[in-house]
Amino acid sequence: MGRFFKKLFSRFTFVALTIILIFLGTVALIGGAIYMSLLLFDHYLPEYTVYLYYALVALAWLSEVVAVLNVVNRDMLPETKLPWILCIVTLNALGVAMYIVFSHNRITRLQQRRYRLLYERMKRFQSRALPKEYLEETLKSRADISEALALATPSAVAYANTKTQYFPSGESFFDALLQDLERAEKYIFLEFFIIAKGEMWSAVLDVLRRKVNAGVEVRVMYDDIGSMSRVHVRYYNTLRKMGIKCVKFNPFVPVVTNVHNFRDHRKIVVVDGKIAYTGGLNLGDEYINKLHLHGHWKDSALRLEGVGVKSLILLFLGMYNMQKRSDEDFAKFIPEYEAFEDEGIVQAYGSGPRPIYERQIGEDVFLNILGSAKNYVYITTPYLIIDYRLREALCLAAQRGVDVRIVTPKIPDKKIVFALTRSNYMALIKAGVKIYEYTPGFIHAKNFLCDDEIGVVGTINLDYRSLMHHYEDAVLMFKTKALKEMKVDFEETFALSELQTKESAKRNVIFRWILEIAKVFAPLF
């Protein structure tokens, strides 16, 4: 009950209610204006009232037709077109208003201009690190996956001579993180979706405070909506008073706009430009099992050391400067790198909304891996709400004999999302995909592993929010040491998970219909 009231009176609830009330208020004002116009006409020009009424009806119908034609002709995913058309046709003028306000999955023009300037600055530090011939010789047929990623987002450069280490739990990541933060001599960058007060953040903050006092530059960036129920609204000022350069990403303002959909879901740590981390973990106690909200929390992280860190430095600096509206010299943050031989190839990359990213980079990488698979593909994801392209790629891989396994949670963090996740089981199981539920609790890791040769660790969930709306990051790896460590972790995770069957995936008919309808509208959220 205490948790219920805490959520009821949280800032997140306030934000959600504010957006709903502003939208309903806007609709009410428009409706009220129309109603008053009709009353005035009826009072002063009664003979023309009926004509005004029919004119308004015609205008409403015309707006629906124009809106539907706009949906049909827009460059948007097919999965998003049908729900918007249904919304417009069933809700009429209200549906048109919702479409106008919420459908444009693009950042503001000001942000676009800022990012283009920063992108040109970033490109100076990102040139082809490995010859195409080397990639083809080393990666064989999978060199095309690396090349496709580099073409889709030129900041995603492939590097050799980078040391990798995989962490199969939040606890192991946390110990290593604190040790590396203690070693910082020049700077520390932290970018997280969630910062939450507790043991984990207190331990990190204690190190950051001491490092600032020792002359180390510390920068922290956290997402406003992601952290709003975890820290107070002006927490960035608290950190600034400690000497930490802090930025709150995309601060919430009480305006009805789709801009609030674009969240910074990245998790990046950079120490002196030589060491970096990414993965599924945020800075909250549940991630290291100091707080048990949904059973045992299973997560993962990846540590890079060497030249491959450069891409994550630039991802952080690009986002930080875009939020700060600054234009600093990136060169001072790029160090000389030690070479680590025979460590495979790493390729860190970002993904996010259009037009910064012209394609759905995260999904494209997953599709290319599935298309190249010969023996197996192992996947962990907290959510499984996928589009037609990804579902068919999973099914086709399984049908051609690839051992495709997906691990999802047994204990959910969001019940409606969990129901939608389970609603995708049956079609995948029928095609031969093996789906496991992690019985000890909630699995939050976002990992891909294929044929012992290629893998991804990052922040990208298999759902529409991660694949379409959020700013994300990940590391694509070829033949690295971390892939062997991931394989061990997958095998141990399978042993703790329950294999789903056609019988266990069956749902009540009415409930299944409700979920199928909900899935139609899932791409909008």
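The cover over the buried residues of helix H9 in this predicted model includes strands E1 (162–167), E2 (187–192), E5 (268–271), E6 (275–279) and E8 (301–306), together with helix H10 (199–213). The residues of H9 that count as buried are Gly-170, Phe-173, Phe-174, Ala-176, Leu-177, Asp-180 and Leu-181. H9 itself runs over residues 170–183, 14 residues in total. From its first C-alpha to its last, H9 reaches 20 Å, close to the 20 Å expected at 1.5 Å a residue.

**Overall make-up**

The protein has 21 helices and 17 strands. Of its 525 residues, 55% count as buried. Among the contacts with a separation of 6 or more, 81% are accounted for by residues 24 or more positions apart.

**Helix H14 and its neighbours**

Helix H14 covers residues 361–372. Its end C-alpha atoms lie 17 Å apart, which agrees with the 16 Å that its twelve residues should span at 1.5 Å a residue. Ten of those twelve residues are buried, so the rest of the structure largely encloses H14. The buried residues are Ile-361, Gly-362, Glu-363, Asp-364, Val-365, Phe-366, Leu-367, Ile-369, Leu-370 and Ser-372. Charged side chains are included in this list, namely those of Glu-363 and Asp-364.

H14 packs against helix H15 (residues 388–399) and also meets helix H8 (residues 143–152), as tabulated here.

| Helix pair | Angle | Axis separation | Handedness |
|---|---|---|---|
| H14 and H15 | about 15° | 9 Å | left-handed |
| H8 and H14 | roughly 165° | within 10 Å | right-handed |

The angle of about 15° between H14 and H15 makes the two helices roughly parallel. On the H14 side, the residues that meet H15 are Glu-363, Asp-364, Phe-366, Leu-367 and Leu-370. Their partners in H15 are Arg-389, Leu-390, Ala-393, Leu-394 and Ala-397.

For H8 and H14, the axes cross at roughly 165°, and the helices are therefore roughly antiparallel to each other. H8 contributes Ile-145, Ala-148, Leu-149 and Ala-152 to the contact. H14 contributes Ile-361, Val-365, Asn-368, Ile-369 and Ser-372. Of these H14 residues, Ile-361, Val-365, Ile-369 and Ser-372 are among the buried ones.

**Glu-328**

Glu-328 sits in the loop between helix H13 (310–324) and strand E9 (345–351). Despite the loop position, Glu-328 counts as buried, at 15% relative accessibility. Leaving out residues up to four places away in sequence, Glu-328 touches Arg-121, Arg-219, Leu-317, Tyr-320, Asn-321 and Phe-333. Two of these partners are arginines, Arg-121 and Arg-219. Leu-317, Tyr-320 and Asn-321 have numbers that fall within the range of H13 (310–324). The C-alpha atom of Glu-328 is separated by 9.2 Å from that of Leu-118, although the two residues are 210 residues apart along the chain.

**Cysteines**

The structure holds zero disulfides. A disulfide is a covalent bond between the sulfur atoms of two cysteines. Cys-87 counts as buried because its relative accessibility is 7%, under the 20% cut-off. Cys-450 is also buried, with a relative accessible area of 0%.

How values were computed
Residues are numbered from 1 along each chain as its sequence is written. This is a predicted model: local features need pLDDT of at least 70, side-chain atom pairs count only at pLDDT 80 or more; totals for chains, interfaces and linings use all residues. Side-chain values use heavy atoms; hydrogens and water are left out. Helices (H or I, at least four residues) and strands (E, at least two) are DSSP runs, numbered from the N terminus. The expected span of a helix is 1.5 Å times one less than its number of residues. Buried means under 20% relative accessible area, exposed over 50%, partly exposed in between (1.4 Å probe, protein chains only). Contact means heavy atoms within 4.5 Å. A disulfide is a pair of cysteine sulfur atoms within 2.5 Å. Axes are lines fitted to C-alpha atoms, for helices over the stretch in contact, and angles run from 0 to 180 degrees between N-to-C directions. Angles under 35 degrees count as roughly parallel, over 145 as roughly antiparallel, 65 to 115 as roughly perpendicular and the rest as oblique. A crossing is left-handed if the near helix is turned anticlockwise from the far one by less than a right angle, and right-handed if clockwise.
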